[in-house]
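Please find below my notes on the model you asked me to look over. They are set out point by point, with the cut-offs given where each term comes up.

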Amino acid sequence: MTKNLKVSDKKPLVVLPEANKNVYLSARNLKRANVQTVSGLNTYRVLDAGVLVLTENALSAIDNILM
């Protein structure tokens, strides 16, 4: 995944709308990857990440929280 996105040298933050066990388990194979749900997202995690990966549903959930 990181090679395809050309971010293999960065620290990815994957944001999901809700917990997904398979994504958490898969992310363990990525160096320095962090997986967060929208409800657990905070400013520090976003600023600490080298690249932010959002699902479309996660973006909608963030938008709903901000409105």
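The points below start with the basis of the model and then go through its residues and contacts.

1. Basis. The model is predicted, so local features need pLDDT of at least 70 and side-chain atom pairs count only at pLDDT 80 or more, while totals for chains, interfaces and linings use all residues. Residues are numbered from 1 along each chain as its sequence is written, and side-chain values use heavy atoms, with hydrogens and water left out.

2. Core. Five residues make up the largest nonpolar core: L13, V15, V38, A49 and A58. A nonpolar core here is a set of buried Ala, Val, Leu, Ile, Met, Phe, Trp, Tyr and Cys residues joined through side-chain atoms within 4.5 Å. Buried means under 20% relative accessible area, exposed means over 50%, and partly exposed is in between (1.4 Å probe, protein chains only). Among the core residues, V38 is in contact (heavy atoms within 4.5 Å) with V15, L16, P17, A58, A61, I62 and I65, leaving aside neighbours within four places in sequence.

3. L16. This residue lies in strand β1; helices (H or I, at least four residues) and strands (E, at least two) are DSSP runs, numbered from the N terminus. L16 is buried, because its relative accessible area is 6%. Apart from neighbours within four places in sequence, L16 is in contact with V23, V35, Q36, T37, V38, T55 and A58. Two C-alpha separations can be added: L16 to I62 is 10 Å, with their positions 46 residues apart in the chain, and L16 to N57 is 7.5 Å, at 41 residues apart in sequence. N57 itself lies in helix α3 and counts as exposed because its relative accessibility is 53%.

4. T37. The strand that holds T37 is β2, residues 34-37. T37 is buried, because its relative accessible area is 14%. What does the side chain of T37 join in a polar contact? The partner is the side chain of S39, at 3.2 Å. A polar contact is a pair of N or O atoms within 3.5 Å; within protein, one must be able to donate a hydrogen and the other to accept it, and residues adjacent in sequence count only if both atoms are side-chain atoms. Leaving aside neighbours within four places in sequence, T37 is in contact with L16, E18, A19 and Y24.

5. Salt bridge. How many salt bridges does a search of the whole structure find? The search finds one, a salt bridge being a side-chain nitrogen of Lys or Arg within 4 Å of a carboxyl oxygen of Asp or Glu. The pair is D48 and K11, whose closest N and O atoms are 2.5 Å apart. D48 lies in helix α2 (residues 43-48) and K11 in the segment before β1 (12-16), so the pair ties together parts that are 37 residues apart in sequence. D48 is partly exposed because its relative accessible area is 34%, and K11 is partly exposed at 27% relative accessibility. Side chains of opposite charge can pair when their charged atoms come close.

6. Surface patch. V46, L52, L54 and L59 form a nonpolar patch on the surface, together giving about 300 Å² of accessible area. Patches are made of residues with over 30% relative accessible area and no salt bridge; like charges are joined within 9 Å, and nonpolar side chains (Val, Leu, Ile, Met, Phe, Trp, Tyr) within 5 Å. Accessible areas come from the Shrake-Rupley method with a 1.4 Å probe, and for residues only the protein chains shown count as cover. One of the patch residues, L59, lies in helix α3 (residues 56-66) and is partly exposed because its relative accessibility is 48%.

7. A27 and R32. A27 lies in helix α1 and is buried, because its relative accessibility is 11%. Not counting residues up to four places away in sequence, A27 touches A33 and V35. R32 is found in the loop between α1 (21-27) and β2. R32 is not a glycine, yet has a positive phi of about 60°.
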